[in-house]
Amino acid sequence: MNLDKVFTDALDQVKLWARLNSPWAVHFNSGSCNGCDIEILATLTPRYDVERFGIKLQGSPRHADVLICTGPVTRQARERLLRVYEQMPEPKFVIAVGSCGISGGVFDGCYNVVGCIDKVIPVDVYVPGCPPRPEAIIDGVVKLLGKLQGAAAPKPAAAPESSKAEVVHDPA
Amino acid sequence: MTPLDPNQVKERSEALLQSAKTVLGSWAAAIAAPAPNRIDVTLTPDDLERAVSTLVTARWGYLAAITGLDIGVTSGMLEVLYHFCSDAVIVTLRVQIPRENPAVPSICDKIPYADLYERELMEMFGITVTNTPSPTRLFVAEDWPEGVFPLRKDAPVQEPTIRA
């Protein structure tokens, strides 16, 4: 038996365990009206308090596992969104929160808008709603974690395909 | 505090409207009243600076906004609206300029905070604001093409991307 493999397997398991138990999220507004951002704040602050589940908002993308992105991507925000995404360490996951992040919403076709988030970066979980309720956002994160747990092997470094993403239904 | 007497409010508004008319009377090509408490004063671009000066020196209200208006390709004109507010009264100075080489003078020497409005006017409508202190781009995206003005009626329309 290869001792190196045993060691890396064990390490991967520890990493997965840590990631599942405490995903760190960075929040990015790529052109949202702020409605979704306020729901994300409600999710993080004591009313819903996801930190008790280990989900922590992390200021720097360099320390984050999950990018929670809201709003359509404006022409001006496109480069910044890409930069934030590229600064995140692998493996990284993206949750698109709100109708605009999914399709561009009411801003689709506007002169200053590129479109939805998956036109710019790959998205793992879509949370629809305008804005989605905090329960829906939490459900989105849980679905993402479930997906990670379901994956037997740790995620390959390649970017996830958006077509495999799960859609979370808004309970509201 | 005693509640405002509606009659007094009305009197005050009418006095304000009257004073605006008196101040602007000599420059106005036409004065319209589109709504109660509101007058639209049509000016030529040459009279704009002097009209704004008289409003400022008379201390009549404050500049609330500058609006650009594309009144259609066929008309061959663009319009710039300077909204001044005092109390419940709004006085709008309307200036029509040709679509070809549209230009209005800057009013930043009289009202410094008009700077942002004028920059937006330049970027969104392609109107040259002569002598504005900072004519560089501010609002449109860095990769926005030169010579395309998004709020003009003939601006190219971006097709929606909604998937079936």
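This briefing describes the fold of each chain in a two-chain complex and the contact between them. The model is predicted, and the predictor assigns the complex an ipTM of 0.71 and a pTM of 0.76. Chain A contains 5 helices and 8 strands, while chain B contains 3 helices and 7 strands. The two chains meet where 9 residues of chain A are in contact with 11 residues of chain B.

**Overall composition of chain A**

- Along the sequence, the elements of chain A follow the order α-β-α-β-β-β-α-β-α-β-β-α-β.
- Chain A has 172 residues, of which 41% count as buried.
- Among contacts in chain A with a separation of 6 or more, 83% are between residues 24 or more positions apart.

**Strand S3 of chain A and its partners**

- Strand S3 of chain A comprises residues 66-70, and 5 of its 5 residues are buried.
- Burial applies to both faces of S3(A): Val66(A), Ile68(A) and Thr70(A) lie on one side, with Leu67(A) and Cys69(A) on the other.
- S3(A) pairs with strand S1 of chain A (residues 24-29) in the parallel sense, over 5 bridges.
- Within this pairing, Thr70(A) of S3(A) is the bridge partner of Asn29(A).
- S3(A) is also joined by 5 bridges to strand S5 of chain A (residues 93-97), and these two strands run parallel.
- In that second pairing, Phe93(A) of S5(A) stands opposite Val66(A).

**Nonpolar cores**

- The largest nonpolar core has 41 residues, and the members that touch the most others are Leu67(A), Cys69(A), Ile95(A), Ala96(A) and Val97(A).
- Another core lies apart from that one; it has 33 residues, including Leu55(B), Leu78(B), Val91(B) and Phe149(B).
- Beyond its neighbours within four places in sequence, Cys69(A) is in contact with Phe28(A), Ser30(A), Leu81(A), Val94(A), Ala96(A), Val97(A), Gly101(A) and Ile117(A).
- Cys69(A) belongs to S3(A), where Cys69(A) and Leu67(A) are buried on one face.

**Helix H3 of chain A**

- Helix H3 of chain A covers residues 75-87, and its buried residues are Ala77(A), Arg78(A), Leu81(A), Val84(A) and Tyr85(A).
- These buried residues lie on the same side of H3(A) because they cover an arc of only 140° around the axis.
- Arg83(A) and Glu86(A), on the other side of H3(A), are exposed.
- The packing partners of the buried residues of H3(A) are S1, S3, strand S4 (73-74) and strand S6 (113-115) of chain A.

**Helix H1 of chain A**

- Leu3(A) is located in helix H1 of chain A, which covers residues 3-21.
- Leu3(A) counts as exposed because it has 7 C-beta neighbours inside 10 Å, and the cut-off for an exposed residue is 12 or fewer.
- Leu3(A) and Ala96(A) are 93 residues apart along the chain, and their C-alpha atoms are separated by 40 Å.

**Overall composition of chain B**

- The average pLDDT of chain B is 89, and 97% of its residues score at least 70.
- In sequence order, the elements of chain B follow the pattern α-β-β-α-β-β-β-β-α-β.
- The C-alpha trace of chain B spans about 60 × 45 × 30 Å along its principal axes.
- Of the 164 residues in chain B, 24% are buried.
- For contacts in chain B between residues at least 6 apart in sequence, 52% join residues at least 24 apart.

**Strand pairing in chain B**

- Strand S5 of chain B (residues 89-98) pairs with strand S2 of chain B (residues 38-43) in the parallel sense, over 6 bridges.
- Asp40(B) has Thr92(B) of S5(B) as its bridge partner.
- S5(B) also pairs with strand S4 of chain B (residues 77-86), here in the antiparallel sense and over 10 bridges.
- Phe84(B) has Val91(B) of S5(B) as its bridge partner, and Val91(B) is among the members of the 33-residue core.
- S4(B) and S5(B) form a hairpin with 2 residues between them, and Asp87(B) in the turn has a positive phi of about 55°.

**Contact between the chains**

- The contact involves 9 residues of chain A and 11 residues of chain B.
- On the chain A side, 1 of these residues is nonpolar, 6 are polar and 2 are charged.

Definitions and conventions. Residues are numbered from 1 along each chain as its sequence is written. Chains are lettered from A and ligands numbered from 1 in the order in which they are written. This is a predicted model: local features need pLDDT of at least 70, side-chain atom pairs count only at pLDDT 80 or more; totals for chains, interfaces and linings use all residues. Two residues are in contact if their C-beta atoms, placed from the backbone, lie within 7 Å. Ala, Val, Leu, Ile, Met, Phe, Trp, Tyr, Cys and Pro count as nonpolar, Asp, Glu, Lys and Arg as charged, and the others, Gly among them, as polar. A nonpolar core is a set of buried Ala, Val, Leu, Ile, Met, Phe, Trp, Tyr and Cys residues joined through C-beta atoms within 7 Å. A residue is buried if 20 or more other C-beta atoms lie within 10 Å of its own, exposed if 12 or fewer, and partly exposed in between; C-beta atoms are placed from the backbone. Helices (H or I, at least four residues) and strands (E, at least two) are DSSP runs, numbered from the N terminus. Two strands pair if DSSP finds at least two bridges between them. The arc is that of the directions from the helix axis to the C-beta atoms. pLDDT is the predictor's confidence in each residue, from 0 to 100.
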